[in-house]
Structures are given as structure tokens and as C-alpha cells.
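Student: I would like a close look at a single part of this protein, taken slowly and with the terms explained as they come up.

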Amino acid sequence: MGHSSVEAEETKEMDIRSFSSSRHNQTPYIHKVGVPPKQDIFKEFKTTVKETFFADDPLRCFKDQPRSRKFVLGLQAIFPILEWGRSYNFAKFRGDLIAGLTIASLCIPQDIGYSKLANLAPQYGLYSSFVPPLIYAFMGSSRDIAIGPVAVVSLLLGTLLRNEIDPTTNPHEYLRLAFTATFFAGITQATLGILRLGFLIDFLSHAAVVGFMGGAAITIALQQLKGFLGIKKFTKKTDIVSVMKSVLHSANHGWNWQTILIGATFLTFLLFAKYIGKKNKRLFWVPAIAPLISVILSTFFVYITHAEKKGVAIVGHIEKGINPPSVKEIYFTGDYLLKGLRTGIVAGMIALTEAVAIGRTFASMKDYQLDGNKEMVALGAMNIVGSMTSCYVATGSFSRSAVNYMAGCQTAVSNIVMSVVVFLTLEFITPLFKYTPNAILAAIIISAVLGLIDYEAAILIWKIDKFDFVACMGAFFGVVFASVEIGLLIAVTISFAKILLQVTRPRTATLGRIPRTNVYRNIQQYPEATKVPGVLIVRVDSAIYFSNSNYIKERILRWLTDEEEQLKAAGLPKIQFLIVEMSPVTDIDTSGIHALDELLRSLKKRGVQLVLSNPGRVVIDKLHASNFPSQIGEDKIFLTVADAVLTCSLKLPEEV
């Protein structure tokens, strides 16, 4: 170990000596930094807008096409089923049929349970798995996503709406507000897609989503304790403290042992079925049909034993028939319009985030492209139509999509098959669910949401980025200990805080020369890199804007002050050149140029010359527009750090 460190020191000294001798024996050829030709302002603005909103060049397929062909391509863009439907065959239908039947067996009991999370009657969950999947099958671009109500959005919608209207005392107004929120959720999603603003959902970081989903899963599971334990009087709050207080206070007189027995038995069965499915991927259908089997067995058990007379709460009557129209129920005027709009935007954004994330995941697994903006339009359209046909907010379900994928789905026809099965259920089978115990629905929901707690992702986030982990935990604890809205607010706030922190406090680094090369790298990353005598090299790893320009100027001066103090303590000559490596600087604004002016003045007072290395096209263009090169000298802007160092070293006194 000691031998290698001595060897490294000798290498550094040899490198410095060779560099010192070469700087007096060579007359280097220095390539000038190119100044781009002046761009047409309109053309540049057009290019910027195109890259921002139309990065995927969606109109490429329309170029040089006759008008009739453009019309067909336009229809295919709106309804992708017209494109892939031409090559549809029986082999694909067989895969879609099996997948559709499998996810239908999973979605029916889940829908009844999720509707309770939204404080709605059971049939509304089934309605939301009938119409929206049909609309999505025609307009969606994902082959694997399964559409319907999901636990997180159901809870979020139920919580936000209950803050406005009590569903127990005013059920009709509550239902109308739910349809209104669904309508505006669809409008929000479709608008984002049409205006190609899908990048906005990316502002909610992956870490925040992981924390929010995990916290929502805990909250949903806690809410199920009411049905699982047979408690009649239960808190309306969702935080863990209030829920546990309510559970413990009702322990002596409010729990029903028959209900607990049913819930515990079938929860064990569901978790065991999940375990089998994880152990053997070929048995994916076991956890998929386990909820329906649980519902059938528990319903039959309650029916023959008349357990409902012994305190076991049952679903009761579910209205028969398909979705009734609900256009007239939506609030387009009045006091509840704004409340519905606000709730719809929040629910729509969360639903969109979940659906797009699921769609991208399965698209990458099957290696096909997913158009995010088309997805948003499709999701928006299905929720707009859904709000007019007695549905509440539907989106992509991860558990159902995973089953859909493993069942061998080929296209979105699996959603149509599922929708047909739900239609038949609504028309003929709903009376059979009358004696279904609430405990089994609670068990199904608990087993479903446990998969939302992704502790492996949280551990990975901790290893990769501690700030991301803070965002993850902030969202998680916000949901668990406060409310869904607070958790969501914390998730968004921390995500934006991270963006602001990275923008306002960008990284800077001092560079040194890698031995036996002309490559200059971060000294902290490469300890063997040698500093150049009399020269300080600083790299700025960010665009220089009004938000960070002052910090960057002060940070560079601090690097210079620290270096000069170290040189003074060692009795070495002071710094005479400060080289700013600008390769990572993608852009600069007027505040950034003003900060460079101030930096230049501060350096002149210290007797240090400012040198720039490799500014990009946009940066050099703006520097020339501000006449900055003439202030520092045209000969102080270089193509590479090596050129800058070599030129500066020739100007240094011999003693340096």
C-alpha cells in the first residue's frame, strides 16, 4: 500500500516536470471556438416549440401522402384499433379471450370492494369496468393495460368528496359530485394529451409515487378493518392514529367473531394463492381467480348458515342492469362545480400517472412504443363518457394488467372481453351477490393493495439518492399519519423542492490533469489527477440562469479563495489564471452573463485572468451578443481545457 502511494507521487512529479518542460518547448496549435451563424428568430422559436411539444414528430407519417390517405391515417391516430385490427386473427383472439376472462374474474369482486372505498354503491364499481374499457380498447395504444377502478384513486376520490358532502346524509348530491369529478378528471387528462403536456406528470418523481402508493396501501388496508372486524361505528378519518383508536375502542363490544373468522380464513387463502402465483409463473391464474372463488364460497356459506342474522354484514341489494345515463347528474353550474373541478383535476392526475407508468412498464417488456399523449386522450375520453354513463374515475390497474400480461393478452380486445363479462354480470348475476359478506371484500382489497407496498424500491431509492428517499418517506408518512391529500401535497412539494434545489444549487468541481494524458477530470473522482501550477480549473455542471447565476459566481470565487489559502500555506506561487470549463453549460441568460461580468471584475481585483473553455453553440452565441468576449479578450476562449492550460502555462513566469 505504501509502495503504491510512493509510486503515484513519483508519477505525479514526473508528469508535472514533463508538462513544465513541454510548455516551453512547444508552440501549440490552438483551434478557435466556432461562432455559429446568426439564426432566424422565427425559425429558432419554431424549432424550440417543436422540440418541446412535438419531440416525437407525430405528423411524420402524413408527409407526402394523398388527402385520402391522410384521412385514414388521422382516423388511425385517434382510433389505433383501425390500424392493428387489420392484422387481427383467431390466434390473437384466443389469447385475448383467455386473458379477458381471467381479468374479469379478478375485477368483479375488486370493483364491488373499490366502490365502497369511493363511498359509492357496489354497482358503480361494475359500471366503471363496463363502459371505460370499451372506449379505451378503441382509442388506447397499450396492448396490455387493463382498465377499471383502482384502490388508490377510489380512496382519493372518496376522501376528497367526503370532505365536501356527507355520503350518508346526502347520497344523491354525493353521487352527482362523483360524476362531476369524473367528468373533469377526463377533461384534465384529454386536455393534457391534446395540448401535448404529458411531461407535466413527470414532475411527480418516481420516489414520491413509490412513497405515496405505499402510504395509500397502508391507509386502504386500515380502512378495511371496519368490514374485516365487523365494526359498525367507525371513524371517517383515514390517518392511522384515528383508525387504530376507533378499532381499539370498539374491541369490547363492536367486533364480530363470525365476521373475523370469514375474513381471516379467506385472507389466508388469498395470500396463499398469491404465494403460489409468485412461486410458479405458469400458475398465474390461481391468484387471478382466487378472489372470485372466495366470493362464491363465502356467499354460499353466509346464505346457508344465515350468518347475516348473527351480525355478519353483507353487501345487500345490487341494482341489476347496465349503466343508466348520468349526463343530467353532472354539476355544470352552482356551488359544487368548482369543488368537482378541483377534485377531478387531482384524481385525474393521479390516475394518469398510474396508467402511464403501467403502460410504459409493459410496453418496454414487450418492446413496442407507447404514445403517452394518445394514452392521455384515450383515458380522458373514457372518463368523460364514463361520467355520462354512471361511472366514476377509471384508470389502468397494475394487478389486473399484470394478470392480463401473464394470461397472454395480445391486444386491447382483452378489455372488450372483460367488459362483456361485466355486462353479463350486471344483467344476470348481480342478485347472487346479495349475501356476499363485507369481510370477504375487505380481505380481497387487503390482499390486492399489499402489492403496492414496494419496500424493495424504497431500499434501492435509499442506496441511490438520499434526497429521493426523503421524498419517498415524506409522501408515505404524510398519507399514513395525516391524510391522502396531505401525503399527495408533501409528495408534490418535495418533488418540486428537489427540482429547485438542483436548479439553484448546481454542482461545480475543480479539475486536474490525468497523468500521461491531456484529459482533465474532477479531482475528487480522480485523486491521481494533478493540479496545474498557477492555474485553477473549475467546471460548472449546469445551465447558468437567474436562479443560480449568483451562487455559481460565489462558488467559483470560493474555490479560488480556498486554493489560494492552501498555496499560501505551502509557500507556493498564487493563482494567475482561472479556467471555467463550460462544456456542461447548456444555456445562459442575461443574469448569467451579468454574473460572469461580476466574476471578471472580482478576478481583476485579485490579479487573476478569466479564461473560458468550450462554450456550446447557444452559450457562445449569447456571449458574443453581449460583447463579453471583447471584455476578457478573444484569445481567452478555447476549444478544450488542454488548449487553455497550455496557452496559459506559456504566459506564466518561470518560477511557477
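Student: Does E563 count as buried or exposed, and at what relative accessibility?

Tutor: This is a predicted model, in which local features need pLDDT of at least 70 and side-chain atom pairs count only at pLDDT 80 or more, while totals for chains, interfaces and linings use all residues. Residues are numbered from 1 along each chain as its sequence is written, and side-chain values use heavy atoms, with hydrogens and water left out.

E563 has 11% relative accessibility and therefore counts as buried (buried means under 20% relative accessible area, exposed over 50%, and partly exposed in between, with a 1.4 Å probe and protein chains only). For the chain of 656 residues, 51% count as buried. The residue E563 belongs to helix α23, where helices (H or I, at least four residues) and strands (E, at least two) are DSSP runs numbered from the N terminus. Once its neighbours within four places in sequence are left aside, E563 is in contact with K531, L536 and I575, contact meaning heavy atoms within 4.5 Å.

The setting of this helix is an open sheet of six strands with mixed pairing, in the order β4-β3-β5-β6-β7-β8; two strands pair if DSSP finds at least two bridges between them. Strands β4 (520-522) and β8 (637-638) stand at the edges with a single partner strand each, so one side of each is left without a neighbour in the sheet. Helix α23, residues 549-570, packs on this sheet and touches β3 (508-513), β5 (535-540) and β6 (577-581), its direction making about 150° with that of β5. Such angles run from 0 to 180 degrees between N-to-C directions, and the axes are lines fitted to C-alpha atoms, for helices over the stretch in contact.

A further helix, α27 (residues 641-651), lies across β4, β5, β6, β7 and β8, and runs at about 175° to β6. Towards the β8 edge, strand β7 (residues 609-613) is joined to β8 by two bridges, and the two run parallel; here S613 stands opposite F638 in β8.

As for the whole chain around this part, there are 27 helices and eight strands, and the C-alpha trace spans about 100 × 70 × 55 Å along its principal axes. Among contacts between residues at least 6 apart in sequence, 81% join residues at least 24 apart.
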